[in-house]
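Here are a few exercises to work through at your own pace. Have a look at the sequence and the model, try each task, and then follow the solution.

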2 protein chains.
Amino acid sequence: MQALEDDLSPRARRYARTQQAILDAARAIIHEQGADKLSMRAIADRIDYSPAGLYEYFGSKEEIIAAVCRQGHRLLRQTMLTVPPDLPPVEYLTEIGLAYIRFALSNPDYFLLMFTQTSAPALEPGAGFVEHEMMDADSSFPLLLQGVQRAREAGLIQPRAELSVMEAAYSLWAIVHGIAMLRITYLREMPMDFARADRAALEAIARGMAP
Amino acid sequence: MQALEDDLSPRARRYARTQQAILDAARAIIHEQGADKLSMRAIADRIDYSPAGLYEYFGSKEEIIAAVCRQGHRLLRQTMLTVPPDLPPVEYLTEIGLAYIRFALSNPDYFLLMFTQTSAPALEPGAGFVEHEMMDADSSFPLLLQGVQRAREAGLIQPRAELSVMEAAYSLWAIVHGIAMLRITYLREMPMDFARADRAALEAIARGMAP
DNA sequence: TCATTTACCAAACAATGTTCGGATTGTAGC
DNA sequence: GCTACAATCCGAACATTGTTTGGTAAATGA
């Protein structure tokens, strides 16, 4: 991990390390006490700083949260990357979908924070969809897109006039995201065989995209 | 609306009306300024009360929010009820799904608040799923359930061993909820033909449940 | 060695949810 | 109508929040 801190001056390295310590503390507080207990003072206490000292590293609490969310998206992507890519295409899609849901269930507050931010960076007017955060290398969506592409090449998914590859991936994302969201919020206390229901949902959407 | 205020004493009627005024003010603030601008003082100002006075009607800000959310779920259900029930079953399902999404897009802060509450009333241990909030008369889920049931009776949806009526409705809810959530949060700035993509998603899931 | 930038903090500020004590108002019983 | 009691309602305060300010100490570069 030290290796990543490139050819920076000692000062810049310390700065980056403290910045990361702030983010780690924030993440730990969110995980241990929930997002509503995340305060500048709590972060400062945990890393032996004063609240005011944090403003040397981040402009505001919002910026800290935004940075935590970026790391969260990277982490989510990495979780999905643990699924063996040599699985049969449809099974692969199912598994990365389930991994997405599992991530949300293991880190409900974190996940909720990541997908509740309404203050996104506004895209410049003329930008295409590739410019969007969704298509970043850190995002998890490209994995879905690539999975759908592979399934299509294997002939297991039929791209029709009414369902492009992009739209197929969007549908998959939506159903998986909807399940994750509902299960960590509205359906948290619902007694139900979710393992079964989730698989059924994924099978249904897969069948709907089959030739 | 006066008719609903039953056979209560004048005092109880005033009480109920003030309670409703508080909820209306809260809803208006959420709609006009966003959920983060919702404060006890803002509510009090709007209805000419002092902040302390509100505590005669609600125990806390959380209770106010919970009540606002309950009304939100009723409103969402009513929005979905405007879809003509005599449409062909599959088309009916598509339309109430689109109504769900439309509600979220027209009231993003409201919708987000409704489905972000993680402090739900814990279900008593021995309770079945019918006891859950999801199955309330105010909830929108029963509409989906009933729609799926009708489609099944018309032979347009095949209930299989791996996909009960309940699970089919759950799948539909998930995809619609996922679309709604993504579009008002992560994908807010995404330039994309959502009208097309949403229909494609709903068609795909419908095809996946067809015989 | 000295001047400047960096790192850091104590103290204060404004805004928040909530509580407390008392004042005012409405109601029920006589 | 009068009185006692309960219901409303509010000013003032408290604790907790994010953030700013002014200044001190340390590190850096000349």
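A polar contact is a pair of N or O atoms within 3.5 Å; within protein, one of the two must be able to donate a hydrogen and the other to accept it, and residues adjacent in sequence count only if both atoms are side-chain atoms. This is a predicted model, in which local features need pLDDT of at least 70 and side-chain atom pairs count only at pLDDT 80 or more, while totals for chains, interfaces and linings use all residues. Residues are numbered from 1 along each chain as its sequence is written, chains are lettered from A and ligands numbered from 1 in the order in which they are written, and side-chain values use heavy atoms, with hydrogens and water left out.

**Exercise 1. DNA strand D**

Task: Find which residues come nearest to DNA strand D, and describe the surface around this strand.

Solution:

Step 1. Start with who is there. A residue is near a strand if one of its heavy atoms lies within 4 Å of it. For DNA strand D there are 19 such residues, and A:R41, A:K61, B:R11, B:S50 and B:Y57 come nearest.

Step 2. Now pick out some atoms. B:Y49 has a polar side-chain atom 3.0 Å from a phosphate oxygen of DNA strand D. With A:M40, a backbone N or O atom is the partner, again 3.0 Å from a phosphate oxygen of the strand. In A:R14, a side-chain N or O atom is 3.4 Å from a phosphate oxygen of DNA strand D.

Step 3. Place the surface on the helices (DSSP runs of H or I, at least four residues, numbered from the N terminus). Two or more residues each come from α1 (10-33) and α2 (40-46) of chain A, and from α1 (10-33) of chain B.

Step 4. Sort the residues by class. Ala, Val, Leu, Ile, Met, Phe, Trp, Tyr, Cys and Pro count as nonpolar, Asp, Glu, Lys and Arg as charged, and the others, Gly among them, as polar. The surface near DNA strand D then has eight nonpolar, three polar and eight charged residues.

Step 5. Turn to the DNA side. Sugar or phosphate accounts for 59% of the atoms of DNA strand D within 4 Å of the protein, and bases for the rest.

**Exercise 2. DNA strand C**

Task: Which atoms of DNA strand C do B:R41, B:Y55 and B:K61 approach?

Solution:

Step 1. List the neighbours. DNA strand C is surrounded by 19 residues, the closest being A:Y49, A:Y57, B:R41, B:Y55 and B:K61.

Step 2. Check the partners one by one. B:R41 puts a polar side-chain atom 2.8 Å from a base nitrogen of DNA strand C. For B:Y55, the partner of a polar side-chain atom is a phosphate oxygen, at 2.8 Å. B:K61 also has a side-chain N or O atom 2.8 Å from a phosphate oxygen of this strand.

Step 3. Find the helices. At least two residues each come from α1 of chain A and from α1 and α2 (40-46) of chain B.

Step 4. Finish with the make-up. The surface near DNA strand C divides into eight nonpolar, three polar and eight charged residues. Of the strand's atoms within 4 Å of the protein, 60% belong to sugar or phosphate and the rest to bases.

**Exercise 3. Chain A meets chain B**

Task: How many residues of each chain are in contact, and what links the two chains?

Solution:

Step 1. Count the contacts (heavy atoms within 4.5 Å). 56 residues of chain A touch 56 residues of chain B.

Step 2. Look at buried area, the accessible area (1.4 Å probe) that two parts lose on being put together, summed over both. Chains A and B bury about 4800 Å² between them, with 66% of it on carbon and sulfur atoms.

Step 3. Search for salt bridges (a side-chain nitrogen of Lys or Arg within 4 Å of a carboxyl oxygen of Asp or Glu). There are two between chain A and chain B. One of them joins A:E167 to B:R196, whose closest N and O atoms are 2.8 Å apart.

Step 4. Add the polar contacts. Ten residue pairs are found across this interface, both residues at pLDDT 80 or more. On the chain A side, the elements giving two or more residues are α7 (165-184) and α8 (194-209). α7(A) gives the most, with 14 residues.

Step 5. Classify that side. It divides into 32 nonpolar, 13 polar and eleven charged residues.
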